[in-house]
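Reader: I would like to learn how to read a model of this kind step by step. Could we begin with the fold and then turn to the ligand and the backbone?

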Amino acid sequence: MTTEREKVGLAALHRRLHSVLPNVSLTCQTLPNTPAIRLWLLNELFPEQALDPRIVNAIMEEPPYWSFCWASGQVLAEFLLSNPQWVQGRCVVDVGPGSGVVAIAAAKAGAARVIACDLDPWALAATELNAAENGVSIELSQDLDAALADAHLVTAADILYDRENLPLLARFRRAETVLLADSRVPDLDPAGYRLLGQWQSCTWPDLGESSEYNGVRLFASEPSAPGNV
Ligand SMILES: C[S@@+](CC[C@H](N)C(=O)[O-])C[C@H]1O[C@@H](n2cnc3c(N)ncnc32)[C@H](O)[C@@H]1O
């Protein structure tokens with residue numbers, strides 16, 4: 001049953017979404033490749049006809065990334081649910097949660113504590129709503145340094161669309177372990193990380209993006225040498 005707090009949170013997200021995309025709404029959807037998780041996501045694809053340039057500008061300035069589940073988020077969430085030993089009993093910090101998909105999977109898989117850390121307060125609002133929908137508890141933060149100080153495991157899915165985030169990969173390695181999923185940088189070969197595997201997925205709802213964005217690679221950090229952080 002939806003609580004009053006969730007209704008207020010959903011209404012606020014709708015207002016925010018409509019300031020960018022007036023004719024779409026959020027519906028609660030089961031993820032096709034991760035049926036254990038339900039998320040409030042866009043219920044329609046972008047219209048076939050050309051968008052009003054003002055709408056395009058608004059999307060580019062403040063993209064509602066939290067209204068989609070990204071290909072890497074789906075793959076990393078499914079990986080954690082299938083391999084709960086990565087999170088069990090640990091403090092997990094999910095950087096760039098968007099809808100919260102990976103943070104929710106970590107909580108469901110048995111993490112002792114989950115902190116979702118995003119620059120975008122609307123992503124944190126979406127994560128809060130989606131955590132409630134899935135019956136899990138997630139802490140919210142915009143302070144990456146404070147969150148990383150508590151992390152045993154850092155997770156990050158599809159945050160490298162912004163190449164300025166590449167230096168974060170070295171910072172994440174202060175945690176015992178990092179799991180990084182990416183579909184955006186085809187030649188990614190991050191120092192101090194090893195490839196765990198590769199899967200096919202897509203953004204949900206499916207944006208029909210070029211197939212080059214459907215391959216998700218999952219990396220895990222190599223243990224640091226003593227004194228090397
Ligand atoms: C493409 S979305 C991916 C969301 C989710 N991880 C998934 O896979 O569905 C990227 C998210 O990362 C957030 N983000 C980007 N750079 C960030 C940074 N430096 N620190 C924290 N969050 C960041 C964005 O606000 C957005 O919510």
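**Reading the fold, the ligand site and the backbone**

Author: The chain has 7 helices and 9 strands, and please keep in mind throughout that this is a predicted model.

Reader: What does the radius of gyration say about the chain?

Author: A compact globule of 229 residues would have a radius of gyration near 17 Å, and because the chain has 17 Å, the two agree. Along the principal axes, the C-alpha atoms fill a box of roughly 55 × 40 × 30 Å.

Reader: Where does the ligand sit, and which residues come nearest to the ligand?

Author: The ligand sits in the largest pocket, with 20 residues around it, of which Trp70, Gly96, Asp118, Ala157 and Asn165 come nearest. By character, the shell divides into 13 nonpolar, 4 polar and 3 charged residues.

Reader: Which polar atoms of the protein lie opposite the oxygen and nitrogen atoms of the ligand?

Author: Here one reads pairs of N or O atoms within 3.5 Å. A polar side-chain atom of Asp118 is 2.6 Å from an oxygen atom of the ligand, while a polar backbone atom of Trp70 lies 2.9 Å from an oxygen atom of the ligand. A polar backbone atom of Leu119, in turn, is 3.4 Å from a nitrogen atom of the ligand. Taken alone, the ligand exposes 600 Å², and the protein buries 94% of that area.

Reader: How should I read the backbone, and which peptide bond is cis?

Author: As a general idea, most peptide bonds are trans, and most residues other than glycine have a negative phi. In this model the bond from Trp204 to Pro205 is cis, with omega near 0°, and Pro205 has its place in the loop between strand S8 (193-200) and strand S9 (215-221).

Reader: What is phi of Asp158, and where does Asp158 lie?

Author: Phi of Asp158 is near 50°, a positive value in a residue other than glycine, and Asp158 belongs to the loop between strand S6 (153-157) and helix H7 (168-172).

Technical notes:
Residues numbered from 1 in each chain as written. Predicted model: local features only at pLDDT ≥ 70, side-chain atom pairs only at ≥ 80, totals over all residues. Heavy atoms only, no water. Near = heavy atom within 4 Å. Polar contact = N/O pair within 3.5 Å; in protein donor to acceptor, adjacent residues only side chain to side chain. Areas by Shrake-Rupley, 256 points an atom, 1.4 Å probe, with all protein chains shown as cover. 1 Å grid on protein atoms, 1.4 Å probe; cavity = no way out; pocket = protein on both sides within 12 Å on 5 of 7 lines; lining within 4 Å. Sits in = over half its atoms within 2 Å of the grid points. Nonpolar A, V, L, I, M, F, W, Y, C, P; charged D, E, K, R; others polar. Helix = DSSP H or I, 4+ residues; strand = E, 2+ residues; numbered from the N terminus. Rg over C-alpha atoms; globule rule 2.2 N^0.38 Å.
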